[in-house]
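User: Could you take a close look at a single part of this protein for me, and then set that part in the context of the whole chain?

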Amino acid sequence: MGIYLNPGNEQFTVSVNSELYVDKTELIDYTNSRIGKDRPLICSSRPRRFGKTMAVTMLAAYYSKGCKSEKLFSNFKISHNESYKYHLNKYNVIFLDIQWMYGNALEEMKRDSSIEVVGYIQEQVIAELKKEYPECFHSTDVSLPAVLANINAKTRKQFIIIIDEWDCLFREDKNNEKLQKEYINLLRGLFKGTPSGAFLKLAYITGILPIKKYGTQSALNNFREHTMVSPRQMAEYTGFTELEVKEICKAHDMSFKEMQRWYDGYFFNTIGHVYCPNSVIEAVDSREFGNYWSRTETYESLMTYIAMDFDGLKQLIVDMLGGQRCMVDVESFQNDITSFHSADDVITLLIHMGYLAYDNKTKQVFIPNEEVRSVFLRAIKNDGWNEVIKAIDASEILLKATLAMNETVVAQMIQDVHMKNSSSLIYNNEISLSSVIALAYYSACRDYILIREMPAGNGFSDMVFIPKRASLKPALVVELKWDKTAEGAISQIKDKKYISALNGYKGDILLVGINYDKKSREHQCRIEKI
């Protein structure tokens with residue numbers, strides 16, 4: 001048993017024995033299904049605090065010949081699987097935590113300037129392999145792929161390679177192109193084609209970013225990638241499912257509705273709602289709901305990304321703060337944190353980092369929940385978005401005025417927000433007014449899902465605020481008019497049967513008509529309850 005070669009199961013044992021452990025061992029069934037196939041290479045990327053390290057320590061504990069884990073797994077779901085005992089502790093495993101190794105390399109470089117990071121990583125693993133297979137070595141061996149190929153040629157031994165924080169060098173040393181190319185070349189040697197196909201039984205790598213692209217091609221295009229944009233078979237193992245969170249709340253006497261309000265929002269088509277494991281665990285451990293997301297080290301970078309000077313980026317952030325879902329093209333992103341060419345690239349990075357959620361069916365992006373929304377709010381406060389902040393601060397009063405059907409107050413408050421944000425928006429058009437409404441009703445996002453241009457009846461309703469599952473507030477159907485009348489807006493909602501979009505909804509509905517008079521620059525509002 002070594003640090004890198006055939007590690008033990010101690011780390012996974014600690015996780016299993018913690019006060020709150022959720023059984024994700026059926027992930028092993030998927031990794032077992034790739035053994036012996038033509039592409040036994042899996043890359044699972046997800047945000048910090050989404051259980052990446054838990055997954056790799058579990059896989060190492062299951063596959064490694066350096067430990068005996070039958071008792072450890074005996075009470076978990078995977079133990080009932082047909083392939084369970086066949087693969088249990090049968091393989092030579094190489095386990096690399098790149099972030100930990102990178103930190104060690106930097107310390108060594110302080111003492112010896114000739115040391116290089118990629119060379120250090122290979123040297124550490126080769127040293128352990130040499131103790132296990134001394135007959136397979138030459139005195140000049142410095143290439144890990146070449147060493148593994150030579151061991152395989154002489155002994156027919158194959159290896160499972162597991163890498164945690166595979167993308168560390170792209171994040172921590174983002175401008176060091178020489179280091180990144182050396183690292184990619186190492187990964188290509190390990191994973192891309194012959195002779196790596198001979199010595200490799202299975203590879204599982206995980207990090208925040210998907211595999212780096214060069215142009216339109218992935219640097220390691222033979223990997224099966226599972227991301228926050230497209231989790232595929234890994235969806236169930238990317239976070240806590242809703243059923244798992246319900247069971248946690250029941251076991252620990254916590255309010256599931258509050259858990260929903262704070263941490264629900266990520267959604268994968270195959271399994272439904274997904275929660276950040278760390279946030280749920282922290283809330284249970286502290287017996288308090290709150291923002292645990294900003295404690296991750298990536299928080300500071302959010303301010304940097306949303307302040308980037310790309311056309312339309314600020315408006316997208318404002319719209320999403322108002323609860324809107326926005327279209328995004330995720331294909332052009334180069335899977336690093338320096339190659340940005342558009343607002344879409346920045347938005348796509350924030351999806352992979354967990355600051356935004358993505359709906360694969362509609363190709364829309366949105367802020368997932370109250371916890372992450374509070375991080376955005378803190379970021380824009382620190383970045384000088386003064387008028388936006390003022391509108392957000394007033395939004396609670398506006399929502400209360402709307403629910404109280406106080407038409408005069410609603411009209412005046414929307415007018416104030418519209419005028420004060422005219423420098424960042426095209427003032428005199430309906431798109432501008434729609435964006436202002438979304439921003440003005442910022443606080444509604446705690447209790448509502450906002451849908452723009454929702455198909456309904458004989459047309460499209462401008463804005464529909466649908467109460468979240470945990471909310472008891474009425475639904476809102478909002479129609480916007482330009483140089484017409486607020487009464488006409490209400491009539492259009494009725495005549496075109498926009499409320500048909502809420503079929504099945506059993507609560508009250510408020511019809512909100514808002515008109516902007518271009519000449520007087522005044523807003524009018526009418527509200528009816530049905």
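Analyst: Happy to; here is a small sheet first, and the whole protein after that. This is a predicted model, in which local features need pLDDT of at least 70 and side-chain atom pairs count only at pLDDT 80 or more, while totals for chains, interfaces and linings use all residues. Residues are numbered from 1 along each chain as its sequence is written, and side-chain values use heavy atoms, with hydrogens and water left out.

The part to look at is an open sheet of three strands, ordered 8-10-9 with antiparallel pairing. Its edges are strand 8 (240–241) and strand 9 (266–268), each of which pairs on one side only. Strands here are DSSP runs of E with at least two residues, helices are runs of H or I with at least four, and both are numbered from the N terminus; two strands pair if DSSP finds at least two bridges between them. Strand 9 and strand 10 (residues 272–275) run antiparallel and are joined by three bridges. Phenylalanine 268, for instance, has glycine 272 in strand 10 as its bridge partner. In general, strands of a sheet pair through backbone hydrogen bonds, either parallel or antiparallel.

Now for the wider setting. The protein has 22 helices and 18 strands, and its C-alpha trace spans about 90 × 45 × 40 Å along the principal axes. Of its 530 residues, 57% count as buried, meaning under 20% relative accessible area with a 1.4 Å probe, protein chains only. Among contacts (heavy atoms within 4.5 Å) between residues at least 6 apart in sequence, 69% join residues at least 24 apart.

How values were computed
Buried < 20%, exposed > 50% of the residue type's maximum accessible area, 1.4 Å probe, protein only.
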